[in-house]
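Reader: Please take me through one part of this model in close detail. I would like the covalent cross-links, with whatever local context helps to place them.

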Amino acid sequence: MYPTCYADGGYDILVGDPSELSYYQNLISGAGGRAVPQLDLLTNLTWLESASVEIRVRLGNGASANSAPAPPGQPIGEVDVDLGTRHIYGTGTVDPQGDSLSYQFVWGDGDTSVWRGPYPSGDTTLLSHKWNQTGTFEFRTRARDFWGELSDWSNPLTVVVSETEGCCTGSSVGNIDGSTDNLVTMGDLTVLIDHLFISLTPVACVDEANVDASSDGLVTMGDLTVLIDHLFISLNPLPACP
C-alpha cells in the first residue's frame, strides 16, 4: 500500500510519500487555480401514501438547472360572446425540460382562475369562462412548471360581450341538440357522443352540455355518464340551468 493524496475531489491524485513539501504545495495551488463551473441544484420532496417520499433532483453544471416555460399561445375560442353564456378556450405551450405544466387565466373582468393542471408539456389546455357584464375584454394566460418557474404572459385575446339571451333557456341542462321542446332525449345523447368521440364538433351551448355541473364548465366523459344515468338508469333529474 502506498500513501495516496486526493486533491480537489479526486481531480488530482498524488501517490506515494514525496519528501519535498513543494509536491503538496503545487498540488494545492493547482486545485485552487482550476476553473470550476457553478452547480445549480434543485430538489423536491413529495410525501406519498404508505410512508413513502418521492424525491426529484435536477442539476445544472455551469448553467441554471431549470428554465421557464415558453409563453403560451394566444388563447383560441369565440370572440363575440353572449352575456352570461359559458365559452371554452384553449391554449398550450412547451417546457424546455419537458416538465408538466399548469395554467392560470386572467379573464379581464376582474376574475382570475386558479391554477389548472398539471398537463403534459405541449398539450392543449382547455378552460371555460362566462362574462357577467357587457363590454370588451382582453384576457391572457401564463404557465408554471413543476419547479414553480413562471412563463411570460401570452398575447391577449379580445372578446366582445353583448347583452343577448343566454343559450341555456330551459328548466334544466341537457338539451344539447337544441330542440325547441327543451326535452332531454336520445337525440341529446347522440349529439354528445358525436362531440366527444366522432366529429368533435363543438356543442352549440356549453352550459346545456355541462350536465354534470362541473365547476370548470368543460364537456367531458363525466357529462356523458350523468346523461346516460338520467336517461336509462336512475332517471335522476338534471341540474337547473346556471
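**A close look at the cross-links**

Author: Leucine 59 is exposed, because its relative accessibility is 54%. That is one residue of context, in a model that is predicted. Leucine 59 sits in strand 4, residues 52-61. Leaving aside residues up to four places away in sequence, leucine 59 touches Leu39, Asp40, Leu41 and Ala65. Aspartate 95 lies 36 residues from leucine 59 along the chain, and their C-alpha atoms are separated by 17 Å.

Strand 6 gives a second piece of context. This strand covers residues 87-91 and is mostly covered, with four of its five residues buried. Its antiparallel partner is strand 9, residues 125-129, and the pairing runs over five bridges. Within that pairing, tyrosine 89 has leucine 127 of strand 9 as its bridge partner. In a regular strand, side chains alternate between the two faces of the sheet.

Now the cross-links. A disulfide is a covalent bond that joins the sulfur atoms of two cysteines. There are two disulfides in the structure. Count the bonded cysteines along the chain, and the pattern reads 1-3, 2-4.

Take cysteine 167 and cysteine 205. Their sulfur atoms are 1.9 Å apart, and the two residues form a disulfide. The angle about the S-S bond is 65 degrees, and the link of cysteine 167 and cysteine 205 is right-handed. Distant parts of the chain are linked by this pair, with the two positions 38 residues apart in the numbering. Cysteine 167 belongs to the loop between strand 11 (157-162) and helix 2 (186-198). Cysteine 205 belongs to the loop between helix 2 and helix 3 (206-209).

How exposed is each end? Cysteine 167 counts as partly exposed because its relative accessibility is 27%. Cysteine 205 has a relative accessible area of 7%, so cysteine 205 is buried.

Turn to cysteine 168 and cysteine 241. These two also form a disulfide, and their sulfur atoms are 2.1 Å apart. The link of cysteine 168 and cysteine 241 is left-handed, with -75 degrees about the S-S bond. This pair, too, links distant parts of the chain, 73 residues apart. Cysteine 168 is in the loop between strand 11 and helix 2. Cysteine 241 is in the segment after helix 4 (221-233). Cysteine 168 has 16% relative accessibility, so cysteine 168 counts as buried.

Note on methods
Residues are numbered from 1 along each chain as its sequence is written. This is a predicted model: local features need pLDDT of at least 70, side-chain atom pairs count only at pLDDT 80 or more; totals for chains, interfaces and linings use all residues. Side-chain values use heavy atoms; hydrogens and water are left out. A disulfide is a pair of cysteine sulfur atoms within 2.5 Å. Buried means under 20% relative accessible area, exposed over 50%, partly exposed in between (1.4 Å probe, protein chains only). Two strands pair if DSSP finds at least two bridges between them. Contact means heavy atoms within 4.5 Å.
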